[in-house]
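Let's walk through this model together, one piece at a time. Please keep the viewer open beside the text as you read.

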Amino acid sequence: MRRGITRALAVACVLLLTVPGASAGSAVTMYDVVSLAEEDLGLNGATLDPSGEWAIVFGADAYLELVSTSDPTTRIELLWNSDVDLNDGDFHPGGQTAFIVGREGQVLRYAREDHSITNAGGQLEFGQTKLTAVAWNTGGSWAYVGGEDGWLWRMRAAEDGGAEVHPILGRGASDISGIDCHPSLMLCVVSSIVDGIGVIDRDHTLYWIGGTGYPWSDVQCPTGEYDECVAVSSDRNIATIALDDEQPSTSGVEIIQLSDAGGYLTGLSHQQGDRSLIIVTPFSLIEHDLSQSLAFPWLEYHDAVDFDASISGERIVATWSTDRDSGWILTDRGTLVQFHPPLSNSVGGILGAWILIAIPLATLLVILSLTFGLSPGLRQWFTLRFGSDEEKRAARGAARRKKRR
């Protein structure tokens, strides 16, 4: 009987070992592909409206297009007669307008009402500065604009149809790589190539709070649930920025390095809740969970190569979410790739059924094996009640021999 239990336990263990690994490879799989154009568009990014339904994609030669986030085949062309490269964009919290910034001090305004594009700023306000980042503050009263050589401004539309622009004092000397504003605090965070990470308070005062010397490539404040934001550097560092709303100058920066990560961390996109996706070159993604201060592999380069070697050679410039673990990847060429978890990873599928059956069964068999091994009396009782005739005769004989002794 004991040998039968041992054999059953061995079979259960083999079944567990042959169950497909849920965590092997990437957490998501690439699926449908949509191309915005046959030629290389030279895209630099995308900005989503507050509802998450539409994204403005932008790039070289003032390319602009409004794309449905759920179905990228639904698009609206946005026209602007210029050859200026556009580098960053941000929707107003109200969702009716957006700013897109680019080279030579160019700031464009998108109006959702008629999908028009108009000039919102240029050389008169920003000179020939290459503008690299823009973000609206929490209340939508001002937008912060960053550029090369550390330039920072606050701007808003003026009554005469132009723009009201003021420089931010205390700027650094290196390019601004990202700006994002916290969803619930009246604070915005700035990342720069050399000068570190800064915080802008409600009075438009800039405080540099740490991270000097790191090549920060982007910053994001993914959720209003935590008073924290995240920044990434091209040399595989992640900074968690703890914001102090009462004394912004005392906000802190904690930096960790992803020593096992390959490639360069080039950007951040919000996925859902407190989770962000770190964009990596070559073609891969890392999930960052703000609540746990942890990063996990999301889409690995070798899986992208297996899916399509030509697409894996493109550069990811943005992602957006359509569900907790699903969404779309946007590349510089103008390729959109859908991603979501592999069907085999669904707990409700075959894998889940194997796990739900095999693990409790193996646990029960282990307990029974140990119990029978430690309790000869229990083992004899079980054999006499449930064993075969041969096993019962052997058990009775063993019991008689034991009594004679």
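Which cysteine forms a disulfide with cysteine 181? The partner is cysteine 188, and the two sulfur atoms lie 2.0 Å apart. A disulfide here is a pair of cysteine sulfur atoms within 2.5 Å. This is a predicted model, in which local features need pLDDT of at least 70 and side-chain atom pairs count only at pLDDT 80 or more, while totals for chains, interfaces and linings use all residues. Residues are numbered from 1 along each chain as its sequence is written, and side-chain values use heavy atoms, with hydrogens and water left out.

Let's stay with that first link for a moment. The link of cysteine 181 and cysteine 188 is right-handed, with 100° about the S-S bond. Both of these cysteines are buried, where buried means under 20% relative accessible area, exposed over 50%, and partly exposed in between (1.4 Å probe, protein chains only).

The strands around this link are worth a look too. Helices (H or I, at least four residues) and strands (E, at least two) are DSSP runs numbered from the N terminus, and two strands pair if DSSP finds at least two bridges between them. Strand β14 covers residues 176-181, and six of its six residues are buried, so the strand is largely enclosed by the rest of the structure. Five bridges connect β14 to strand β15 (residues 188-192), and the pairing is antiparallel. Together β14 and β15 make a hairpin, with six residues between them. Across this pairing, cysteine 181 stands opposite cysteine 188 in β15, and these are the two cysteines that form the disulfide.

By the sulfur-distance rule, the count comes to two disulfides. The other link joins cysteine 221 to cysteine 229, with an S to S distance of 2.0 Å. The link of cysteine 221 and cysteine 229 is right-handed, with 95° about the S-S bond. Cysteine 221 and cysteine 229 are both buried. Counting bonded cysteines along the chain, the disulfides follow the pattern 1-2, 3-4.

Now for the sheets. Strands of a sheet pair through backbone hydrogen bonds, either parallel or antiparallel. One open sheet has four strands in the order β10-β11-β12-β13, with antiparallel pairing. Its edge strands, each pairing on one side only, are β10 (131-136) and β13 (163-167). Neighbouring strands of this sheet are turned by 25° against each other on average, direction ignored; axes are lines fitted to C-alpha atoms, for helices over the stretch in contact, and angles run from 0 to 180 degrees between N-to-C directions. Within the sheet, strand β12 (residues 152-157) runs antiparallel to β13 and is joined to it by five bridges. Here arginine 154 stands opposite histidine 166 in β13.

Another open sheet of four strands follows the order β22-β23-β24-β25, and its pairing is antiparallel. The edges are β22 (264-272) and β25 (294-299), each of which pairs on one side only. The average turn between neighbouring strands of this sheet is 30°, direction ignored. Strand β24 (residues 284-289) pairs with β25 over five bridges in the antiparallel sense, and leucine 285 stands opposite leucine 299 in β25. β24 and β25 form a hairpin with four residues between them, and serine 293 in the turn has a positive phi of about 50°.

Stepping back to the whole chain, the secondary structure comes to seven helices and 28 strands. Of the 405 residues, 45% are buried. Taking contact to mean heavy atoms within 4.5 Å, 46% of the contacts between residues at least 6 apart in sequence join residues at least 24 apart. The accessible surface comes to about 19700 Å², of which 51% belongs to carbon and sulfur atoms; such areas come from the Shrake-Rupley method with a 1.4 Å probe, and for residues, only the protein chains shown count as cover.

Finally, a word on confidence. The chain averages a pLDDT of 86, and 79% of the residues score at least 70; pLDDT is the predictor's confidence in each residue, from 0 to 100. Over residues 1-24 the pLDDT is below 50, and this stretch has 23 contacts in the model beyond near neighbours in sequence. Residues 346-356 also have pLDDT below 50, with twelve contacts beyond near neighbours in sequence. Where pLDDT is low, the predicted coordinates should not be read in detail.
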